[in-house]
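Hi,

Here is the model I promised to pass on. Have a look at it first, and then read my notes below.

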Amino acid sequence: GTHQGPYSLTVAQVTAPPNDTCATATPLVLGANTGDLANATNDIHASAPCNPLGNRRGEVIYTFTPPTTGRYVFRETTGTDVMLWVSSACNDTCTRLTDEPEVLQVDLVAGTPIFVFVEPYYRSTTTTYSLTVEAATVPANDTCATPATLVPNMTQMVDLAGAAADYGVSCGFFGGGDAVYQ
């Protein structure tokens, strides 16, 4: 053929992140947690609804055990394009996913650990990230049982921080928090 050698092949050993497997999952703390996705392997293949793209890249794995029962926010704060998803077990049974924005809110029970997965979005070129974990304040009008009243002809501020996405898909790709008004 026309594509004959000589060729050169270089083989280099790479080191995966320390939290690349379930057995080495890193515990998250409240506040900032930094990490790197470089050389992470794709060994957990999320099930629906957390596999919208099908084409996944290597993930890193964390555990988080909430100190108190309530809603917690997991937020990527550096602008790195990642997908965040959680599961009650370190396997492909995903219970919640977020992508744009990289903010995931989950209601948790004190002392019950969960697994948090961070993986790069398929077009991401940055591997370093910061994952912040915070206890959320749930808005009073987060459900239909406790709607806030809108006042006609008056501007009202809407704060969805801590609001759950509990009424289906929003206008965004993966949804976001919602609040109820009457």
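A quick definition to start: I call two cysteines a disulfide when their sulfur atoms are within 2.5 Å of each other. By that rule there is one disulfide in the chain.

Before the details, some housekeeping. This is a predicted model, so bear in mind that local features need pLDDT of at least 70 and side-chain atom pairs count only at pLDDT 80 or more, while totals for chains, interfaces and linings use all residues. Residues are numbered from 1 along each chain as its sequence is written, and side-chain values use heavy atoms, with hydrogens and water left out.

**The disulfide**

The bond joins Cys22 and Cys90, whose sulfur atoms sit 1.8 Å apart. Cys22 belongs to the segment before β1 and Cys90 to the loop between β5 and β6 (96-98), so the link spans 68 residues of a chain whose strands (E, at least two residues) and helices (H or I, at least four) are DSSP runs numbered from the N terminus. The torsion about the S-S bond is about -85 degrees, so this disulfide is left-handed. On accessibility, I use buried for under 20% relative accessible area, exposed for over 50% and partly exposed for anything in between, with a 1.4 Å probe and protein chains only. Cys22 is partly exposed at 29%. Another cysteine, Cys144, is exposed at 52%.

**The overall fold**

What does the secondary structure come to? Zero helices and nine strands, so to speak a run of β-β-β-β-β-β-β-β-β from the N terminus on. The chain has 182 residues, and 36% of them count as buried. Taking a contact as heavy atoms within 4.5 Å, 72% of the contacts between residues at least 6 apart in sequence join residues at least 24 apart. The accessible surface (Shrake-Rupley method, 1.4 Å probe; for residues, only the protein chains shown count as cover) is about 10,300 Å², and carbon and sulfur atoms account for 57% of that.

**Aromatic pairs**

Rings of Phe, Tyr and Trp (its six-membered ring) pair if their centres lie within 6.5 Å; planes under 30 degrees apart are stacked, over 60 edge-to-face, and the rest tilted. That gives three aromatic pairs. In one of them, Phe64 and Phe74 have ring centres 5.5 Å apart and planes at 85 degrees, so they are edge-to-face. Phe64 is in strand β3 (residues 60-64) and Phe74 in strand β4 (residues 70-76), so the pair ties together parts 10 residues apart in sequence. Phe64 is buried at 3% relative accessibility, and Phe74 is buried at 0%.

Trp85 and Phe117 are another of the pairs: with centres 3.9 Å apart and planes at 10 degrees, they count as stacked. Trp85 comes from strand β5 (residues 82-87) and Phe117 from strand β8 (residues 114-120), so this pair ties together parts 32 residues apart. Trp85 is buried at 0%, and Phe117 is buried at 0%. There is also an aromatic cluster, made of Phe64, Tyr72 and Phe74.

**Salt bridges**

Here I looked for a side-chain nitrogen of Lys or Arg within 4 Å of a carboxyl oxygen of Asp or Glu. The whole structure has two salt bridges. Asp107 and Arg71 meet at 2.7 Å, N to O; Asp107 is in strand β7 (residues 103-108) and Arg71 in strand β4, 36 residues apart. Which partner is buried and which exposed? Asp107 is exposed at 51%, whereas Arg71 is buried at 9%.

Arg75 pairs with Glu134, their closest N and O atoms being 3.2 Å apart. This bridge links strand β4, home of Arg75, to strand β9, home of Glu134, across 59 residues. Arg75 is partly exposed at 30%, and Glu134 is partly exposed at 34%.

**Backbone oddities**

Most residues other than glycine have a negative phi, and most peptide bonds are trans. With that in mind, the bond from Gly5 to Pro6 is cis, with omega near 5 degrees, and Pro6 lies in the segment before β1 (26-27). Asn39 has a positive phi, near 65 degrees, in the loop between β2 (31-36) and β3, and is partly exposed at 40%. Asn153 also has a positive phi, about 60 degrees. Asn153 is in the segment after β9 (128-135) and is exposed at 85%.

Cheers
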